[in-house]
Amino acid sequence: MLHKVLYSYAGIATQILIQDPHFIILLDSGDGIIRDLLEENVVFPLTVPLYIFLSHGHYDHCGGLFSLLGFLRMLGQTSPVRIYYPAGSNEIKGLVNLFKSSYSDTIPFELKMCDLQPQTEIAITKEVRVVAYEMRHMGSTRSHGMLPEIPAFGYAIFKGSEKWLAYTGDTGINENLPILLEDASHAYIEATNLSAQHSEYHLNKEEAIELGRLTKNFTLVHTRK
Ligand SMILES: [Zn+2]
Ligand SMILES: [Zn+2]
């Protein structure tokens, strides 16, 4: 099982690939996901199940989903695709439902949508499981400022008893972050805000590095230059 950030830039896209002989997991699927997977030499159509765990409904985390599903449909993929997201992520639900209703008769793979509640555990194999942790996130736009809180999850992938990988998604400081990150063999921690810039719904570099001390190893993602 290998993990790699395919692309991550705040406000553009984030996608993290986990490859195993028996399955593929994607953590978020922003714009450019097909290109990124092809550049990684992932062979299509996939012959193993694809599990897509989305952290929240913002476009830079799920904007590539429709394209990816269309790509798999065109290639005649038959192995199943399962999409997991925080319950209440209406953008994600709407996007997948639009795909399903547009192509209902010609989707060659089983496509499952799964609303997740916090702390839900998904068994991928006997050894590998994914656990969802509630994070704290909200949108903001230049015209409307800060918007209400939205459903947002971080995910930990366990391999046996090892917390093999943790991913925060987009989040501000919250009480679940240490629980998600503690003792992770590797963690991808968002650091959207620039140094010393503080907000309720993203971490800055210093906050992310401080949280990284809880892990065995970490990389900052979703940064801006
Ligand atoms: Zn984002
Ligand atoms: Zn976001």
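Which residues does Thr219 touch, not counting residues up to four places away in sequence? In this predicted model, Thr219 touches Val5 and Tyr188. Thr219 belongs to strand β14. Thr219 counts as partly exposed because 17 other C-beta atoms lie within 10 Å, and a buried residue needs 20 or more. Met138 is 81 residues from Thr219 in sequence, and the C-alpha atoms of the two are 23 Å apart in space.

Strand β14 is part of an open sheet of six strands. Their order is β7-β8-β11-β12-β13-β14, and the pairing is mixed. At the edges are β7 (121–123) and β14 (218–221), each of which pairs on one side only. From one strand to the next, the twist averages 25°. Helix α6 (residues 205–212) packs on this sheet, where it touches β13 (187–190) and β14. The direction of helix α6 makes about 155° with that of β13.

The sheet can be followed strand by strand, starting with β11. Strand β11 covers residues 153–159, and five of its seven residues are buried. One partner of β11 is strand β8 (residues 128–134); the two are antiparallel and share seven bridges. In this pairing, Val130 stands opposite Ile157 of β11.

Another partner of β11 is strand β12 (residues 162–167), joined to β11 by five bridges and also running antiparallel to it. Across this pairing, Tyr155 is opposite Tyr167 of β12, and Ala156 is opposite Ala166 of β12. Strands β11 and β12 form a hairpin with two residues between the strands, and Gly160 in this hairpin has a positive phi near 65°. In a regular strand, side chains alternate between the two faces of the sheet.

With β13, the sense of pairing is parallel: β12 and β13 are linked by two bridges. Here Tyr167 of β12 faces a residue of β13, Tyr188. That residue, Tyr188, is also one of the two touched by Thr219.

The core comes next. The largest nonpolar core holds 56 residues. Those that touch the most other members are Ile52, Phe53, Leu54, Tyr155, Ala156, Ala166 and Ile189. Strand β8 gives the most to this core, with five residues. Of the residues named for their contacts in the core, Ala156 and Ala166 are the pair that stand opposite each other across β11 and β12.

What is Ile189 in contact with, leaving aside its neighbours within four places in sequence? The contacts of Ile189 are Thr168, Leu203, Ala208, Leu211, Gly212, Phe218, Leu220 and Val221.

Away from the sheet, helix α3 spans residues 65–74, and its buried residues are Leu65, Leu69 and Leu72. Why do these buried residues line one face of the helix? Seen down the axis of α3, they fall within an arc of 60°, so they share one face. An α-helix has 3.6 residues a turn, so residues three or four places apart point the same way. The buried residues of α3 pack against α2 (59–62), β5 (81–86) and α4 (90–102). Just after α3 comes Gly76, which takes a positive phi of about 75°.

Conventions: Residues numbered from 1 in each chain as written. Chains lettered and ligands numbered in written order. Predicted model: local features only at pLDDT ≥ 70, side-chain atom pairs only at ≥ 80, totals over all residues. Buried ≥ 20, exposed ≤ 12 C-beta atoms within 10 Å, placed from the backbone. Helix = DSSP H or I, 4+ residues; strand = E, 2+ residues; numbered from the N terminus. Pairing = 2+ DSSP bridges. Axes fitted to C-alpha atoms, helices over the stretch in contact; angles between N-to-C directions. Contact = placed C-beta atoms within 7 Å. Arc of directions from axis to C-beta. Core = buried A, V, L, I, M, F, W, Y, C linked by C-beta atoms within 7 Å.
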